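Please look over the sequence and the structure shown here, and then follow the text through a few places in the fold, going from enclosed spaces to charged pairs and finally to a single side chain.

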Amino acid sequence: MKIVDVRLHPVAVSRQYGTLTSGGQEGRGILDAPTVTLSYFYILEVETDTGIVGLGEISDIDPGARLVDGSPMNLDNVTQKLNSLLVGRNPTDLERLTLEVNQGGLVNCAIDTACYDIAGKGYGTSATSLAGGRLREKVWVSWVAYIREPEAMAPEIQEKLDQGFDAFKFKVGRDIDLDEERIKLFREIGGNDLNLKLDANAAWDVDEAIAFIRRLEKYNLAGVETPIDKENVTGMAQVRDAVDTPILEHVSTLEYALELVRHEAVDVFNVSTVGCGGIYRAKKVIAVAEAAGLHALLGSTVELGVGTAAQLALAASSWRVDWPSDLIGPLMYTDDVLQEPWEWDSGHLRVPAGAGLGVTLDPEKLQSLHHPLPESR
């Protein structure tokens with residue numbers, strides 16, 4: 001089986017509301033920082049000489065993003081690049097593709113997703129089965145609450161509780177007093193037993209992280225993600241040693257995974273298809289967490305339907321993904337490009353059945369959501 005063509009569909013989808021993170025050490029001081037209200041995607045159709053078409057997704061593209069060669073990620077350029085890289089290759093030859101094709105996490109992930117979809121359809125089985133087997137039928141999801149004023153956040157939290165969510169992640173880091181006010185309100189609304197992790201997006205230095213986490217620990221935190229710059233692994237180990245709360249970090253490569261393990265810097269790996277560059281690479285990173293006796297969850301760049309299906313295949317086939325994952329795309333976006341509706345069960349997202357990813361594109365949605373990537377946001 002060989003790839004004969006790669007087609008891209010540019011789409012844009014609105015978020016339910018504007019989302020805001022700390023912006024890190026530099027961004028947290030910007031009081032009028034813009035929120036993200038619209039996300040841009042390329043939906044891939046990868047066709048083979050057998051007539052099978054696999055789906056992929058380049059997720060939440062920054063209009064200023066570039067390919068690894070420095071060229072812009074406009075539609076024509078990405079289409080030409082992917083055809084030059086993939087036409088003539090066997091889509092089931094994942095180890096070779098991983099070694100020879102590297103276009104950065106988002107693009108690698110789209111290629112990997114399409115290959116799993118093709119292979120599953122070709123073999124008459126699911127991408128989940130190809131990734132290791134269906135260990136679970138549904139995946140535990142933590143609702144991600146972005147930085148907003150408490151009075152604006154309260155209805156959102158109550159809505160998610162009513163929908164059955166029992167795990168949440170709060171974006172924090174711009175103002176510790178505001179952070180505490182939001183967390184306190186959350187506990188007043190939902191009680192002290194709900195799973196709550198925080199994500200500072202590297203807003204703090206080591207001393208601030210220790211002081212702020214200690215200050216917030218009375219609210220029964222499940223974990224704190226990226227409290228400081230992730231490259232400061234020794235500093236992260238200092239934070240972990242100084243607090244009682246588990247520390248989480250995004251892990252996209254085997255080299256970084258090993259560095260975290262050597263320094264005993266974290267308790268939980270945040271792994272994702274988009275971060276690692278697809279299911280195949282992500283499985284290897286999760287294996288490091290498993291070998292080190294650490295936990296794992298799936299992070300997210302807030303994927304649309306095709307990307308979410310790939311994440312679910314990874315989560316459903318990885319027993320070490322035992323923490324609630326951040327797969328909120330199906331509820332965050334106002335629309336999707338799929339024919340099939342998503343199925344939720346008390347804060348758990350059901351894994352699609354069927355061959356490959358188990359999802360189908362809706363041509364009318366592709367047309368109605370069609371939107372070229374702008375040159376700047």
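**Cavities, salt bridges and one lysine**

The residues that line the largest cavity of this predicted model fall into three classes, with 5 nonpolar, 2 polar and 2 charged. They are Leu 94, Leu 97, Thr 98, Val 101, Asn 108, Ile 111, Asp 112, Cys 115 and Arg 281, and the space that they line has a volume of about 80 Å³. Two helices, α3 (94-100) and α4 (105-123), each supply at least two residues of this lining, and of the contributing elements α4 gives the most, with 4 residues.

How many cavities of 30 Å³ or more does the structure hold? There are 2 of them, and the second largest has a volume of about 50 Å³. Its lining is made up of Ser 126, Ala 127, Thr 128, Arg 134, Ala 309, Leu 312, Ala 313, Val 351, Pro 352, Gly 356 and Leu 357. The elements that give two or more residues to this lining are α5 (127-130) and α13 (305-316), and the largest share, 3 residues, comes from α13. Sorted by class, the lining of the second largest cavity has 7 nonpolar, 3 polar and 1 charged residues.

We now turn from enclosed spaces to pairs of charged side chains. The count of salt bridges in the model comes to 27, and a few of them can be followed one by one. In one of these, the side chains of Arg 148 and Glu 156 meet with a distance of 2.7 Å from N to O. Glu 156 has a relative accessible area of 6%, and because this value is under 20%, the residue counts as buried.

A further salt bridge, with an N to O distance of 3.1 Å, is formed by the side chains of Lys 169 and Glu 225. Lys 169 lies in strand β6 (residues 167-171) while Glu 225 lies in strand β8 (residues 223-225), and therefore the pair ties together parts that are 56 residues apart in sequence. Both Lys 169 and Glu 225 are buried, and they also belong to a network of salt bridges that links Lys 169, Lys 171, Lys 197, Asp 199, Glu 225 and Asp 326.

Lys 365 and Asp 335 form another salt bridge, in which the closest N and O atoms are 2.9 Å apart. This pair, too, links distant parts of the chain, since Lys 365 is in helix α15 (residues 363-368) and Asp 335 is in the loop between α14 (329-332) and β12 (344-345), 30 residues apart. Are these two residues buried or exposed? Lys 365 has a relative accessibility of 26% and Asp 335 a relative accessible area of 27%, so each of them counts as partly exposed.

The last stop is Lys 283, which has its place in helix α12 (residues 279-292). With a relative accessible area of 23%, Lys 283 is partly exposed, because this value lies between the limits of 20% and 50%. Leaving aside residues up to four places away in sequence, Lys 283 touches Ala 131, Leu 314, Ser 317 and Ser 318. With Ser 318, the side chain of Lys 283 makes a polar contact of 3.1 Å. Ala 131 lies 152 residues away from Lys 283 along the chain, yet the C-alpha atoms of the two residues are separated by 8.0 Å.

Definitions and conventions. Residues are numbered from 1 along each chain as its sequence is written. This is a predicted model: local features need pLDDT of at least 70, side-chain atom pairs count only at pLDDT 80 or more; totals for chains, interfaces and linings use all residues. Side-chain values use heavy atoms; hydrogens and water are left out. Buried means under 20% relative accessible area, exposed over 50%, partly exposed in between (1.4 Å probe, protein chains only). Contact means heavy atoms within 4.5 Å. A polar contact is a pair of N or O atoms within 3.5 Å; within protein, one must be able to donate a hydrogen and the other to accept it, and residues adjacent in sequence count only if both atoms are side-chain atoms. On a 1 Å grid over the protein atoms alone, a cavity is a set of points where a 1.4 Å probe fits but cannot get out, and a pocket is an open set with protein on both sides within 12 Å along at least five of seven lines; lining residues have an atom within 4 Å of a point. Grid points are joined across faces, edges and corners, and a volume is the space filled by probe spheres set on the points. Ala, Val, Leu, Ile, Met, Phe, Trp, Tyr, Cys and Pro count as nonpolar, Asp, Glu, Lys and Arg as charged, and the others, Gly among them, as polar. A salt bridge is a side-chain nitrogen of Lys or Arg within 4 Å of a carboxyl oxygen of Asp or Glu.
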